[in-house]
Amino acid sequence: MLKRIESSLFEQWKTLQKGMDADAVQLSFANHLHYTLAKGVERATTHDIYTALALAARDRMVERWMATQHRCHQVDAKRVYYLSAEYLMGRMLINTLINLGIYDATVEACQRTGTTLGQLAEEEPDPGLGNGGLGRLAACFLDSLTALQIPAYGYGIRYEFGIFAQGIRDNCQVELPDNWLRDGNPWEIPRPERSYTVKFHGRTMQTRDPHRGLKVQWVDADEVVGMAYDTPIDGYNNESVNTLRLWQARASKEFDLAYFHHGDYLRAVEEKNISENISKVLYPNIDVMEGRELRLKQQYFFVSCSLQDILRRYIKHHNGFDALPDKVAIQLNDTHPALAVVELLRLLIDEHDLPWEKAWALTVRTCAYTNHTLLAEALERWSVPLFQRLLPRHLELVYEINRRFLRNVAMRYPGDSERQERMSLIEESQPKRVRMAHLAIVGSHSVNGVSELHTHLLRTRMLRDFDEMFPERFNAKTNGITPRRWLLAANPALAKLVSESIGSKWPGQLQELKKLEPFALDVGFCDRFAGVRQQNKRQLAQLTKELTGIVVDPTSIFDVQVKRIHEYKRQTLNALHVISSWLRLKQNSYPDFHPRTFFFGGKAAPDYFMAKLTIQLICQVAEMVNQDPNTRNLLKVVFLPNYRVSLAERVIPAADVSEQISTAGYEASGTGNMKFTLNGALTVGTLDGANIEIRDEVGDENIFIFGMTADEVVSRRQGYNPRAIYEQNPLLRDTLDLIRSGFFSPEQPAMFHPLVDNLLGEDPYMNLADFDAYVKCQESLNLVYNQSATWWKMAVLNVAASGKFSSDRTIAEYNRDIWHAKPVKVLLPG
């Protein structure tokens, strides 16, 4: 009798925790509200209800999560370990519900409780654990790894404060703390049993073991503990759940009672505070020594924790390390985790007694490296004195790796000392520096760029010596985006229209969008497509008013440039075009100008003067031109503050024009360009990064390309004279003179002199060289927009041509060419 009761209760509990209909979802989050949060309905806040719903969704992932782990252990699966200093995951609720297949059921359950899913979703913080495309790409990759059922872990840092929250005060960027953990995080599960000790400082000591020969010990070191926090990542339309494991730093000794008893209360917790600084904030300022040391500590901290965790999992099921590359694939997302090469080598040699040759061979076969930049200053180089002080054993290993590597270079290219100097892991500067990109290349079996152009430029310019030495290692993996978040979740009205027209396979097979091509000639479909866009624009117009107070016309062209503020991305060129267009409107010299709203958004690094000055220029321009009674119905300028994933999900579906105007040869790929294309915005762009491949897919006639190619940029740089261009172009001259005159900054007339002087003096990113071509391109766009049927045909064809840019395709290529991990199908019991 008791067993029957227990069985019945267990079945009811399983229904509560696992049921996928509206009744089960409603019961589940009511249960969490009452028993987990200890809140009655009458006392519960909206945030409480969101938390309870998030926990209910997490419950439905947990069984799949455990089943995934069990199945991977059962088949001894090879796992992919993605190491990244950044993860811009975005809000998780909506995406999780879509992937689980309970979105509609949850909408119904929320309606029954007198709230809406949209209201609850707005309660979720948007963790800023990244700075831009690098972190968002990592998030897309985790989504796709799980969608493709490839066993994987993402490893990173659980920053207490992410990238700053951006405010605009007196038209200037101000940085505010991003306390995303203030109200807790219902998606993560603390794993105190998965804690690892990480060493810093100290010294090395050689000892001789009678059985194992010469041994090196790292002694007298400071110790920090890294504790794991796990977040489940569920797969679309399957039962797989992978893991994002983030590390938080803790002191090895949290409290010194002796100091406390003597009244030295600050000293009693000093070690705790110093240790926890490691995971306190994303990207400390490296202009000061303390910031540089903290950033290097962060990189080694998460790499060491991750490598110890990876080897623990491997050793649990295998004797010896011969099978390590067959069971473990480590992907380094840029140079931040490049220390994984030397840390894996150290663990194999010092902790597991492998000889150098075997340990090094295993390291190279296990690690792979993705390069994300063509900017030489973005390739990390750590000073040898700092490296020596912080990681003495690792510096010894780096020097030995370099000695052996340069010996091979010398044998391959006898007498070429300049090549050896270029390829060395140690830069012979003052002080000497460790080149982290070189370490990653030498210690990996695969080196990939993130677009065809980027990879070509790596092989022929930046890393040419290494390509000649290791041509088999270099390959291109064009970035991608997850269509589940960037169309299905972000633009539900368009997603519904697409599914009604071509079926619902496309979120998992994005090439299905090609079936939309015939609809580009269907007037009825194009009208519905335009109606969806107009609805999204009205919503963005309302949000713009709430965020900035600026009223914009939703029937105007929404022209959008939202991305990290950097000179090579050329927000300045866009601003010059805005000002020149306003001048032409004032002079009645811009016929048939269709009303246009220029949207900008993005964060500048706190110490990046020119980027912050660019934001100030945009905001000052907006303040002036938006008040002009003669033009304000034709041209508006908006700077949207605190650009982040959740804001992107509102902006991108409403965009008519996508500005991708970086100097050719500087943008590695770009993924924002793909998100806009997927949602039907038309690209104005240079032949840079993935713009080239977007053009190849959509066709020359469905994109607005302007400006110099990467090769032309290099050629023109010789003897480049931006002032001569200024003097020969009256429109450009009037525009720059207006800025320099102080018109946009009457209280401080010299405010923008540094910006204008930079453009007229050096213009390192060649804004003036491309200005005339950019203006003409924008004129062509204006004419096409006035031909409504042509515009919407082009927009539909852009969506139809987006299939290549799914991160599912990118991950499948990584797996085919680099990782060789077999997908593991997960089936739930019963």
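## A crossing of two helices

In which sense, left-handed or right-handed, does α24 pass α33? In this predicted model, the crossing of α24 past α33 is right-handed.

Two packed helices are described by the angle between their axes and the distance between the axes. Here, helix α24 covers residues 571-586 and helix α33 covers residues 767-785, and their axes come within 10 Å and cross at roughly 55 degrees. An angle from 65 to 115 degrees would count as roughly perpendicular and one under 35 degrees as roughly parallel, and α24 and α33 are therefore oblique to each other.

## The residues that meet

On the side of α24, the contact is made by Thr572, Leu573, Asn574, Leu576, His577, Ser580 and Arg584. On the side of α33, Asn767, Leu768, Phe771, Tyr774, Val775, Gln778 and Glu779 take part. When the residues of this contact between α24 and α33 are sorted by character, they divide into 6 nonpolar, 6 polar and 2 charged.

## The protein as a whole

The two helices belong to a protein whose secondary structure comes to 35 helices and 22 strands. Its C-alpha atoms fill a box of roughly 90 × 85 × 60 Å, taken along the principal axes. For 830 residues, a compact globule would be expected to have a radius of gyration near 28 Å, and the protein agrees with this because its own value is 28 Å.

Of the 830 residues, 61% count as buried. Among the contacts in the protein with a separation of 6 or more, 76% are accounted for by residues 24 or more positions apart.

Technical notes: Residues numbered from 1 in each chain as written. Predicted model: local features only at pLDDT ≥ 70, side-chain atom pairs only at ≥ 80, totals over all residues. Heavy atoms only, no water. Axes fitted to C-alpha atoms, helices over the stretch in contact; angles between N-to-C directions. Helix = DSSP H or I, 4+ residues; strand = E, 2+ residues; numbered from the N terminus. Parallel < 35°, antiparallel > 145°, perpendicular 65-115°, else oblique. Left-handed = near helix turned anticlockwise from the far one by under 90°. Contact = heavy atoms within 4.5 Å. Nonpolar A, V, L, I, M, F, W, Y, C, P; charged D, E, K, R; others polar. Rg over C-alpha atoms; globule rule 2.2 N^0.38 Å. Buried < 20%, exposed > 50% of the residue type's maximum accessible area, 1.4 Å probe, protein only.
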